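Colleague: Hi! I have the sequence and the structure open, and I'd love some help finding my way around. Can we go through it together?

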Amino acid sequence: MKQLEETAGKIRSMEIRGAGRIARAAAAELRDYATRLGVDDISLFNEKMKHAAGILARTRPTAVSLPNAVRSVMRYKGDSIEEARADIVKLANKFISNSENAVKRIGEIGARRVRDGDTIMTHCNSSAAFSIMAEAHSQGKNISVIATESRPRLQGHLTVKQLDGFGIKTSLIVDSAVRYFMKDVDLVVVGADAVTANGSVINKIGTSQLALAASEARTNFIVAAETYKFSPTSILGELVEIEERDSGEVVSTVKHAEFPGVKVRNPAFDVTPREYVDLICTEVGAIPPEMAYIIIKDFLGWGIEEMNSAVRE
Ligand code: RUB
């Protein structure tokens, strides 16, 4: 339990962050937990696995990749502990390798939308969005990237470090400079924490602001999202919960003491309506947001029963 709690803690504190990485870490932890689990009764084993899955799934509420990853491992079957354990290892490893391949494939598909000489704007730190920019650069396209800081956690610093390390011309801007620079931008590329059945995209707070500025400037807005970021339960009307994090991330306790009557709000994500999204690049193809339902139906393999039970959980 100690290692499981440690992994859960790392996801909560954002030492492990980004929807794809969170999902892979949870799948790996379930696999390792099952391997370590020293019980000799299958019902107890199943009970403990369920408990562990619950702890991991509840670490962060917004990234749909997390419950999707947990569920794909928890579909394991087995009449004995050995069988169950072997199936968990197989399913977790399959999820992890599919996820890594998906990010690579999104890069190849998305890079086709990038032209030589393009200036790309990005927000936060997304492996899938980075994969598109890195692939376009590797193909010899002369791109430059404008990346936002992404306050309050400054994931933009990770992005610019990665881009610069890859040899891509990169500028860093404050979040409020997005509209100011949009006139210089040919394409916006961002990642996603969740995509709903109606094609709305949930990503780092401020993403919808980029989308609005891009729409005003007639600039294409592309989302890079693996299929496991799509939310099956959104078909049943479930809303994706927007995580609100501690106010200390926005303003220190000492500073806050200077205006104690002020409530400091810190939503970590926002919703970009599908009208602002030109294309969602998944590993199975680049789709218009209107096709989100098809991805959920055809590629995630959830039956209506499974969706109903996920909503009840
Ligand atoms: C990260 C974030 C990323 C998406 C996609 O938020 O919003 O854009 O998770 O990332 P946080 P990826 O830092 O709060 O986890 O493409 O790597 O899955």
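Modeller: Happy to! Let's start with the second largest cavity, which has a volume of about 30 Å³. Keep in mind that this is a predicted model.

Colleague: Okay, which residues line the second largest cavity?

Modeller: The second largest cavity is lined by Thr-122, His-123, Cys-124, Asn-125, Ser-126, Ala-129, Phe-130, Met-133 and Thr-159. Helix 6, residues 127–138, provides the largest share of that lining, with 3 residues.

Colleague: And how many of the residues in that lining are nonpolar, polar or charged?

Modeller: The lining of the second largest cavity has 4 nonpolar and 5 polar residues, and no charged ones.

Colleague: How many cavities of 30 Å³ or more are there?

Modeller: There are 2 cavities of 30 Å³ or more. The largest cavity holds about 50 Å³ of space.

Colleague: What lines the largest cavity?

Modeller: Its lining includes Met-14, Arg-60, Pro-152, Arg-153 and Gln-155. Further along the sequence you'll find others, among them Lys-204, Arg-245, Glu-249 and Asn-266. By class, the lining of the largest cavity has 5 nonpolar, 2 polar and 5 charged residues.

Colleague: Let's switch to pockets. What is the volume of the second largest pocket?

Modeller: The second largest pocket has a volume of about 410 Å³. Helix 4 (65–74) and helix 5 (81–111) are the elements that each give two or more residues to its lining.

Colleague: Which of the elements gives the most to that lining?

Modeller: That's helix 5, with 6 residues. In total, 16 residues line the second largest pocket, and Ser-72, Phe-95, Asn-98, Phe-299 and Leu-300 lie nearest its centre. The lining divides into 8 nonpolar, 5 polar and 3 charged residues.

Colleague: Where does the second largest pocket lie relative to the domains?

Modeller: It lies between domain 1 (2–102) and domain 2 (105–312), because both domains give residues to the lining.

Colleague: How far apart are the C-alpha centres of those two domains?

Modeller: The C-alpha centres of domain 1 and domain 2 are 25 Å apart. The two domains also touch: 21 residues of domain 1 are in contact with 31 residues of domain 2.

Colleague: Going back to helix 5, I clicked on Glu-83, which is in that helix. Is Glu-83 buried, exposed or partly exposed?

Modeller: Glu-83 counts as partly exposed, because its relative accessibility is 44%, and the partly exposed range runs between 20% and 50%.

Colleague: What is Glu-83 in contact with, leaving aside neighbours within four places in sequence?

Modeller: With those neighbours set aside, Glu-83 is in contact with Lys-77 and Gly-78. You could also look at Ile-42: Glu-83 and Ile-42 are 41 residues apart in sequence, and their C-alpha atoms are 9.9 Å apart in space.

Colleague: One more topic, helix 9. Which residues are buried there?

Modeller: Helix 9 covers residues 207–216, and Thr-207, Leu-210, Ala-211, Ala-213 and Ala-214 are buried in it. Seen down the helix axis, the buried residues fall within an arc of 170 degrees, so they line one face of helix 9.

Colleague: Nice, I'll turn the view to look down the axis. What about Arg-218, just after helix 9?

Modeller: Arg-218 takes a positive phi there, of about 55 degrees.

Colleague: Great, thanks for the tour!

Notes:
Residues numbered from 1 in each chain as written. Predicted model: local features only at pLDDT ≥ 70, side-chain atom pairs only at ≥ 80, totals over all residues. Heavy atoms only, no water. 1 Å grid on protein atoms, 1.4 Å probe; cavity = no way out; pocket = protein on both sides within 12 Å on 5 of 7 lines; lining within 4 Å. Points joined across faces, edges and corners; volume = space filled by probe spheres on them. Helix = DSSP H or I, 4+ residues; strand = E, 2+ residues; numbered from the N terminus. Nonpolar A, V, L, I, M, F, W, Y, C, P; charged D, E, K, R; others polar. Domains from an automatic or database assignment. Buried < 20%, exposed > 50% of the residue type's maximum accessible area, 1.4 Å probe, protein only. Arc of directions from axis to C-beta. Contact = heavy atoms within 4.5 Å.
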